[in-house]
Amino acid sequence: MRLKAFREGEAVLFTLPALVPLLVFWFGPLGYIVYLSFTEWDFMSPEKLFVGLENYTYLLTHADFYQALKVTLLFGFGTVIPIIVGGLALALLMNSKLRSTGLFRAMMFSPWVTPTVAVSIAWSWIFEPDVGLANLVLGWIGVSPVGWLQDSTWALVAVMIVTVWKSIGWSMVFYLVALRNLPQDLMEAAAMDGANAWDKFRGITLPLISPTTLFLSIILTIQSLQAYDQINVMTQGGPAGSTRTLLYMYYQSAFESFNVGEASAIAVIIILICVLLSGLSFLLSRRLVHYS
């Protein structure tokens with residue numbers, strides 16, 4: 001027993017160098033944010049007024065919060081699913097025996113390494129209503145021009161398009177690695193049993209790449225909750241709040257209205273949503289994810 005306790009204490013000592021930065025730069029600020037969410041403060045006053053659950057009560061009874069939550073969920077579903085499906089489709093294409101796939105992979109991955117601000121500025125020009133490329137292409141096929149970033153119906157769609165375009169190549173790389181690690185003996189055995197391409201994809205490929213799908217779904221969901229740069233550059237949360245997510249609402253509360261307590265409450269809610277969605281993903285993974 002003493003030897004076991006000694007070894008456990010020794011293990012704790014070895015983990016301290018990693019735990020200290022975690023405590024200082026993650027748990028410490030997180031605890032401070034939770035504390036601020038129960039206060040009223042404007043960044044400048046020397047004292048913080050404790051108000052209890054008032055910030056949470058205000059948010060949960062305010063229509064703007066639910067509008068931002070709705071936009072956040074729509075943005076998440078509208079970006080995560082296309083990125084995963086599109087990334088898998090591109091990976092299947094790049095994994096085939098086509099010529100110049102290396103060049104295509106580099107072209108598809110290049111948006112991911114390009115700064116989001118630069119990408120958003122370029123797409124703002126593309127979505128310009130009078131001389132933008134998007135409406136020019138629509139005119140070629142006989143579709144009336146669209147006020148992409150000026151119309152509350154299309155603004156969120158435009159931001160989704162930019163987000164999917166930027167991230168789909170990143171998703172493709174992960175799926176490409178997963179596809180190339182598939183056991184070929186299973187594919188050959190399935191072919192000998194008379195399985196066609198669809199049967200092999202549904203019965204072998206999808207189950208064996210499900211860990212990659214789980215990883216991407218969690219990471220992309222968190223990224224969708226943290227999306228800020230493209231919204232700030234392209235729409236500033238407008239028009240009429242149609243692209244204002246919870247994170248952008250947090251920015252406006254903290255750095256435009258200087259309501260730190262309300263902003264901290266929004267931050268805590270975002271963290272809780274991340275935890276909830278991640279936990280749900282892991283629960284679903286017990287039935288849907290196959291680890292070889």
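**Exercise 1.** Find where phenylalanine 43 is located, and say whether it is buried or exposed.

*Solution.* Start with the location: phenylalanine 43 is in the loop between strand S1 (39-40) and strand S2 (49-50). Here strands (E, at least two residues) and helices (H or I, at least four) are DSSP runs, numbered from the N terminus. Next, look at the backbone: phenylalanine 43 has a positive phi of about 80°, although it is not a glycine. Most residues other than glycine have a negative phi. Finally, the surface: phenylalanine 43 is partly exposed, with a relative accessible area of 36%. Buried means under 20%, exposed over 50%, and partly exposed in between (1.4 Å probe, protein chains only).

A note on the model: it is predicted, local features need pLDDT of at least 70, side-chain atom pairs count only at pLDDT 80 or more, and totals for chains, interfaces and linings use all residues. Residues are numbered from 1 along each chain as its sequence is written, and side-chain values use heavy atoms, leaving out hydrogens and water.

**Exercise 2.** Now try phenylalanine 258: which loop holds it?

*Solution.* Phenylalanine 258 is in the loop between helix H12 (246-255) and helix H13 (260-288). Its phi is positive, about 55°, although phenylalanine 258 is not a glycine. Phenylalanine 258 is partly exposed, with a relative accessible area of 39%.

**Exercise 3.** Inspect the peptide bond from glycine 238 to proline 239: is it cis or trans?

*Solution.* Check omega: it is near -10°, and the bond is cis. Most peptide bonds are trans. Then place the residue: proline 239 is in the loop between helix H11 (229-234) and H12.
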